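Please open the model in your viewer and keep the sequence panel beside it. The tour below moves from one selection to the next and says what is to be found at each stop.

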Amino acid sequence: MSHRGYPKGEDSLESAAFTQSGVQGAGGVPGVLGPASFYRDGGARAIMRAANFPDELLPFLQMEGLAAMDAVCRHECDSLVELGCYDGRALEVARAAGVRYLGVDVNPGAIDSLNRRIGDEGLGDRARAVLGDALHCQEWSSEVTGERPLHLLPFNLVGNFTEPEKVLAGVGGLGGLALISVFNEEPWTTEVRRAYYTACGIGIVEEVPGPYGGVLFRGDQGFRSQSFSSRGVADLLSATGAATVRERTHRLGRCITVRLT
Ligand SMILES: C[S@@+](CC[C@H](N)C(=O)[O-])C[C@H]1O[C@@H](n2cnc3c(N)ncnc32)[C@H](O)[C@@H]1O
């Protein structure tokens with residue numbers, strides 16, 4: 001393990017960037033490292049590593065996969081676009097549903113290994129992973145194939161953004177449906193998240209009420225993640241003109257299928 005518990009590996013080769021000054025963070029403040037920088041520079045390996053997940057997280061993730069499968073089938077989607085894909089967990093959904101898959105992530109090591117896996121499994125004609133930022137759809141939108149995509153924003157990805165409404169507005173411009181999975185504000189969820197982030201080696205520097213009714217964790221190295229109350233989700237969706245099509249709830253959070261405009 002490297003310092004602060006991040007595993008050594010191809011991602012961590014760039015970890016010196018954590019300490020560079022003058023780096024533009026995703027929050028747009030020069031010199032302050034933001035969430036995208038955290039994930040690009042090695043944090044993704046820690047936060048997406050199943051060995052760091054408290055057991056209680058697994059059924060939540062299972063609900064997410066089932067919700068994605070249901071949305072693809074119910075709405076006859078012809079492709080699945082997974083933002084913050086890391087190792088491509090929704091690739092299995094796309095494979096089972098027989099639709100195309102595009103994975104997008106800011107972490108270069110994750111994209112390389114997912115493309116290797118896609119090749120090894122003989123899925124190269126219907127699946128692909130590209131390096132890109134969910135906030136900047138123009139970087140990767142030309143890679144989306146199909147006319148009825150489902151955009152999956154998994155595992156509280158929207159909670160990583162300082163302005164989650166911007167990522168939804170950007171994805172909304174691409175049309176189709178989105179499935180958004182978020183943690184809720186309940187105290188037991190906050191406890192599970194605290195244990196999860198700590199297991200990832202993140203030094204928590206702040207745990208405060210977030211702008212969408214949930215709990216905002218800020219950690220060292222630019223980590224940032226907020227959860228959402230039911231009212232907070234409603235506010236977020238109405239700020240982006242999104243209409244809820246279906247919602248599933250779980251003890252730890254909710255998965256909402258929306259039509260973005
Ligand atoms: C799905 S989120 C998980 C968030 C975490 N579960 C939490 O509680 O905050 C993490 C994945 O999203 C990716 N990611 C983070 N910010 C991103 C961005 N702006 N664009 C694309 N991928 C991003 C990371 O590299 C990582 O693979």
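## The whole chain

Colour the protein by secondary structure, and the assignment comes to 7 helices and 10 strands. Bear in mind throughout that this is a predicted model. Of the 261 residues in the protein, buried residues make up 48%. If you look at contacts with a separation of 6 or more, 62% of them in the protein join residues that are 24 or more positions apart.

## The ligand and its shell

Select the ligand next, together with the 24 residues that surround it, of which the closest are Tyr39, Ala44, Gly84, Tyr86 and Ser225. Which secondary structure element gives the most to this shell? That is helix 1, with 5 residues. Helix 1, which spans 35-47, and strand 2, which spans 100-105, each supply at least two residues of the shell. Coloured by class, the shell shows 16 nonpolar, 6 polar and 2 charged residues.

While helix 1 is selected, pick out Ala46, which lies in this helix. Ala46 is buried, because 26 other C-beta atoms lie within 10 Å, and 20 or more is the cut-off for that class. Now add Cys200 to the selection: Ala46 and Cys200 are 154 residues apart in sequence, yet their C-alpha atoms are 5.0 Å apart in space.

## Strand 2 and its partner

From the ligand shell, move along to strand 2 and show strand 3 (residues 127-131) as well, since the two pair in the parallel sense over 5 bridges. To find one of the bridges, select Gly103, whose bridge partner in strand 3 is Ala129. Then add helix 4 (residues 108-120), and you have a right-handed β-α-β unit made by strand 2, helix 4 and strand 3.

## The nonpolar core

Display the largest nonpolar core, which has 71 residues, and highlight those with the most contacts inside it, namely Ala68, Val72, Leu80, Ala94, Leu150, Leu152 and Leu179. Centre the view on Leu80 and leave aside its neighbours within four places in sequence: the residues in contact with Leu80 are then Ala68, Val72, Ala90, Val93, Ala94, Val99, Tyr101, Leu150 and Leu152.

## Strands 6, 7 and 8

Select strand 6 (residues 204-209) and strand 7 (residues 213-219), which pair in the antiparallel sense over 5 bridges. The two form a hairpin with 3 residues between them, and one of the bridges can be found at Glu207, whose partner in strand 7 is Phe217.

Keep strand 7 in view and add strand 8 (residues 224-228), which runs antiparallel to strand 7 and is joined to it by 4 bridges. Here the bridge partner of Leu216 is Gln226 in strand 8. These two strands form a hairpin with 4 residues between the strands, and within this hairpin Gln221 takes a positive phi near 65°.

How many residues of strand 8 are buried? The count is 5 of its 5 residues, so that the strand is mostly covered. Turn the view to see both sides of strand 8: Arg224, Gln226 and Phe228 point one way, Ser225 and Ser227 point the other way, and all are buried. Ser225 was also met earlier, among the residues closest to the ligand.

## Two loops with a positive phi

Most residues other than glycine have a negative phi. Select Glu76, which is not a glycine and nevertheless has a positive phi of about 50°. Glu76 sits in the loop between helix 2 (57-74) and strand 1 (79-83).

Then go to Phe155, which also is not a glycine and has a positive phi of about 50°. Phe155 is found in the loop between strand 4 (149-153) and helix 5 (164-172). Are these two residues buried or exposed? Glu76 is exposed, because it has 8 other C-beta atoms within 10 Å, whereas Phe155 counts as buried because it has 22 C-beta neighbours inside 10 Å.

## From Phe155 to Arg254

For the last stop, select Arg254, which lies in strand 10 (residues 253-259). Arg254 and Phe155 are 99 residues apart in sequence and 9.9 Å apart in space, C-alpha to C-alpha. Arg254 counts as partly exposed, because it has 19 C-beta neighbours inside 10 Å. Not counting residues up to four places away in sequence, Arg254 touches Val182, Asn184, Val233, Glu247, Arg248 and Thr249.

Definitions and conventions. Residues are numbered from 1 along each chain as its sequence is written. This is a predicted model: local features need pLDDT of at least 70, side-chain atom pairs count only at pLDDT 80 or more; totals for chains, interfaces and linings use all residues. A residue is near a molecule or strand if its C-beta atom, placed from the backbone, lies within 6 Å of it. Ala, Val, Leu, Ile, Met, Phe, Trp, Tyr, Cys and Pro count as nonpolar, Asp, Glu, Lys and Arg as charged, and the others, Gly among them, as polar. A residue is buried if 20 or more other C-beta atoms lie within 10 Å of its own, exposed if 12 or fewer, and partly exposed in between; C-beta atoms are placed from the backbone. Two residues are in contact if their C-beta atoms, placed from the backbone, lie within 7 Å. Two strands pair if DSSP finds at least two bridges between them. A crossover is right-handed if, with the strands pointing away from the viewer, the path from the first strand over the helix to the second runs clockwise. A nonpolar core is a set of buried Ala, Val, Leu, Ile, Met, Phe, Trp, Tyr and Cys residues joined through C-beta atoms within 7 Å.
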